[in-house]
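Q: Please take a close look at one part of this model, the open sheet in the second chain, and then place it among its surroundings. What is paired with what there?

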Amino acid sequence: MQAFCRLNGLVAPLDRSNVDTDAIIPKQFLKSIKRTGFGPNLFDEWRYLDHGELGMDCSKRPLNPDFVLNQPRYQGAQILLARDNFGCGSSREHAPWAMFDYGFRVVIAPSFADIFANNCFKNGILPVVLPVEKVARLFAEVAPTVGYKLDVDLEKQQVTTPAGEVFEFAVDVFRKKCLLEGLDDISLTLQHVEEIKAFEARRKIEEPWLFSS
Amino acid sequence: MSEKTLYDKLWDRHVVRCDDSGTCLLYIDRHLVHEVTSPQAFEGLRLAGRQPWRPGANLAVPDHNVPTTDRSEGIADPLSRLRVETLDANCADFGITEFAMNDIRQGIVHIIGPEQGATLPGMTIVCGDSHTSTHGALGSLAFGIGTSEVEHALATQCIIQKKARNMLVSVDGQVGVGITAKDIMLAIIGKIGTAGGTGYVIEYAGDAIRALSMEGRMTVCNMSIEAGARAGMIAIDKKTIDYVKGRPYAPSGALWGKAKTDWQSLHSDSNAHYDRVVHLDADSIQPQVTWGTSPEMVVAVGDCVPDPATELDPVKREGMQAALAYMGLTANTPMTEIYPETVFIGSCTNGRIEDLRAVAEVVKGHKVAANIKRVLVVPGSGLVKQQAEAEGLDKIFKQAGFEWREPGCSMCLAMNDDRLSPQERCASTSNRNFEGRQGQGGRTHLVSPAMAAAVAIIGHFVDVRTLEV
Ligand code: SF4
């Protein structure tokens with residue numbers, strides 16, 4: 001996994017609550033058995049005017065001019081500003097894969113769906129939870145300021161606005177370490193093989209029916 | 001404090017180790033696998049030269065991409081076929097049991113787990129699918145995970161997690177006649193919202209929950225994820241134990257007795273602490289219909305489409321306006337004056353035998369209404385299909401003009417050929433009314449099986465309690 005430490009990046013605002021993972025990456029693209037290449041289909045149904053299918057050349061498809069990510073001023077955005085309950089719905093990890101592939105490294109929202117947030121951490125994307133008023137403030141600041149950037153520092157757990165205002169955010173210690181160092185958590189878990197084996201041996205005695213098939 | 005909730009007990013039983021920050025390795029008893037979220041995980045194992053930790057703990061089934069029409073010629077769509085063949089190959093390579101497409105036991109992963117006894121009380125269960133919460137109905141701790149975690153579970157038999165908070169949703173008293181588990185759950189989501197359960201594991205309790213059949217409890221737990229919860233669960237009682245007994249993967253003989261004794265201890269202590277408690281008055285729950293593009297956008301069938309003008313929060317108001325525009329609805333329209341063109345009966349929420357029986361009861365002797373273009377009935381598994389046919393339900397459906405299909409996810413997410421056209425309006429027994437969920441531009445209204453059946457024969461949403469059938 002690619003590490004994430006600090007980023008000074010362009011912000012794109014997506015002003016809707018309850019953005020679900022079906023919207024982030026529609027199901028027809030889940031038929032790919034790869035982890036990469038989902039970026040052109042991120043928010044496919046909002047982004048293009050036609051119906052997208054796997055394998056289409058997206059550079060030739062008609063863009064929806066009303067969709068925020070299609071506006072020239074947001075090209076190259078690495079930070080997505082979002083509303084409540086971002087990433088709800090399906091557990092598809094294709095959602096963060098598509099966001100990463102598109103270029104997003106940070107999503108800021110008042111709240112995230114649990115599985116989505118977890119999937120982000122495992123794919124080099126930092127989900128930042130800020131209080132709802134702060135997020136509303138950021139939305140208000142982004143709109144009138146072309147080229148609006150935020151500085152996001154995972155080590156310090158701070159988001160800094162262009163005016164120098166600092167918002168602190170909380171992040172789980174273990175996830176922070178994994179993201180800062182780009183760690184593969186399977187290798188970390190496998191450092192505890194003996195403990196897992198001992199646990200399993202005990203369970204076999206206590207709940208033998210779980211091991212009979 | 002020694003008093004514990006059911007979640008506390010299940011959690012404590014499965015913790016292998018924790019670090020100082022409370023991040024724990026949680027042992028997984030059962031891992032269910034389907035074709036959409038697993039290929040990249042198996043590929044990861046291969047690249048790292050790893051093997052599944054305990055192949056016998058895994059059970060795989062293709063469900064999302066399988067056709068629900070004749071399967072004798074295989075899968076026509078090459079991309080769907082590749083997914084299903086990839087699952088077949090991965091299971092063969094890694095020694096994992098799979099109920100392949102033409103196995104009678106094939107079906108939606110969350111239907112077949114309980115059906116086979118592969119889901120047992122007291123287990124931890126994971127699957128790369130958010131509706132894994134379904135299995136909590138059997139008193140297990142079950143949650144959906146992403147593909148990286150699928151790989152982690154395969155490789156280590158554990159997942160890394162921090163403990164969630166405890167929430168109790170108590171549905172007090174008894175529901176009225178004609179009110180189903182689906183109505184109860186939609187009412188709960190309408191009350192707490194789609195993010196109301198975020199960060200929590202919900203335990204459902206109260207007389208109305210206890211009174212539900214096991215299948216009804218599965219419907220409730222299934223949609224925990226629509227309330228944002230990590231998992232949903234219901235304490236084990238006699239119904240749970242009777243349901244599990246004799247199923248193919250359930251313990252038998254001496255082990256059955258041991259298991260049963262153990263399971264009987266799996267309920268919350270009477271003074272256990274919950275971080276949040278929500279009460280619903282069962283008696284006040286009406287038949288529910290969603291009007292918008294999020295499951296929380298739900299009203300009673302006797303109500304009207306809500307008016308955004310009455311919403312004070314600007315973000316919510318805009319959300320409502322966008323939903324009405326997408327759904328092609330006008331504020332203040334009575335729900336009973338909305339006319340779907342399609343009805344979908346199935347999914348892991350409502351694709352079990354009792355659901356099909358409830359549909360048959362309403363439609364028996366009736367025909368599809370003139371404005372209804374198609375009604376799909378998709379059983380949740382091959383065994384559900386077989387049972388329905390043994391009871392003659394398929395004949396009732398066919399006589400009414402419904403299509404009787406092969407088991408799978410079908411139009412719940414429209415990954416196979418079953419999908420809505422743009423603007424097509426559907427009464428659906430599934431769980432998500434998101435934009436495009438059932439086909440790009442499609443308009444989904446979530447309802448109970450009885451309501452879906454009533455729509456099919458009446459042509460619009462209707463209070464099923466007033467039907468003369
Ligand atoms: S029936 Fe629908 S919700 Fe259930 S597993 Fe299949 S696609 Fe997911």
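A: Two strands are said to pair if DSSP finds at least two bridges between them. The model is predicted, and the pairing described here is computed from it.

With that in hand, start at one pair of strands. Strand β10 (residues 200-205) of chain B and β11(B) pair in the parallel sense, over three bridges. Three bridges satisfy the requirement of at least two, so the two strands count as paired. Within this pair, B:E203 stands opposite B:M233 in β11(B).

The pair belongs to an open sheet of four strands in chain B, ordered β11-β10-β9-β12, with parallel pairing. Its edge strands are β11 (231-233) and β12 (276-281) of chain B, and each of these pairs on one side only. From one strand to the next, the twist averages 20 degrees.

Next come the nonpolar cores. The largest nonpolar core has 116 residues, and those that touch the most other members are A:F43, A:F86 and A:I108. Helix α16 (residues 449-458) of chain B gives the most to this core, with eight residues. A second, separate core holds 100 residues, among them B:I179, B:Y200, B:W256 and B:V298. The range given for β10 of chain B starts at residue 200, and B:Y200 is one of the residues in the second core.

Back in the largest core, A:I108 can be followed outward. Leaving aside residues up to four places away in sequence, A:I108 touches A:I79, A:L80, A:L81, A:A82, A:V128, A:L130, A:V135, A:L138, A:L150 and A:V159. Chain A, to which A:I108 belongs, has eight helices and seven strands. The C-alpha trace of chain A spans about 65 × 45 × 25 Å along its principal axes. Of its 213 residues, 60% count as buried. Among contacts in chain A between residues at least 6 apart in sequence, 64% join residues at least 24 apart.

The helices of chain B complete the picture. Helix α4 (residues 109-116) of chain B is mostly covered, with eight of its eight residues buried. The buried residues of α4(B) include B:H110, B:E115 and B:Q116 as well as B:V109, B:I111 and B:I112. Their cover includes β3 (30-33), β6 (124-127), α8 (214-222), α9 (238-244), α12 (347-350) and α14 (382-390) of chain B. After α4(B) comes B:G117, with a positive phi near 75 degrees.

Helix α5 (residues 147-156) of chain B is also mostly covered: ten of its ten residues are buried. Among them are B:E149, B:E151 and B:H152, along with B:V150 and B:L154. Just after α5(B), B:Q157 takes a positive phi of about 60 degrees.

Last, consider a pair of helices. The axes of helix α2 (residues 39-48) and helix α3 (residues 78-94) of chain B come within 10 Å and cross at roughly 40 degrees. The crossing of α2(B) past α3(B) is left-handed. On the α2(B) side, B:P39, B:Q40, B:F42, B:L45 and B:R46 take part; they meet B:R83, B:T86, B:L87, B:N90, B:D93 and B:F94 in α3(B). The residues of this contact divide into five nonpolar, three polar and three charged.

Notes: Residues are numbered from 1 along each chain as its sequence is written. Chains are lettered from A and ligands numbered from 1 in the order in which they are written. This is a predicted model: local features need pLDDT of at least 70, side-chain atom pairs count only at pLDDT 80 or more; totals for chains, interfaces and linings use all residues. Side-chain values use heavy atoms; hydrogens and water are left out. Buried means under 20% relative accessible area, exposed over 50%, partly exposed in between (1.4 Å probe, protein chains only). Contact means heavy atoms within 4.5 Å. Axes are lines fitted to C-alpha atoms, for helices over the stretch in contact, and angles run from 0 to 180 degrees between N-to-C directions. A crossing is left-handed if the near helix is turned anticlockwise from the far one by less than a right angle, and right-handed if clockwise. Ala, Val, Leu, Ile, Met, Phe, Trp, Tyr, Cys and Pro count as nonpolar, Asp, Glu, Lys and Arg as charged, and the others, Gly among them, as polar. A nonpolar core is a set of buried Ala, Val, Leu, Ile, Met, Phe, Trp, Tyr and Cys residues joined through side-chain atoms within 4.5 Å.
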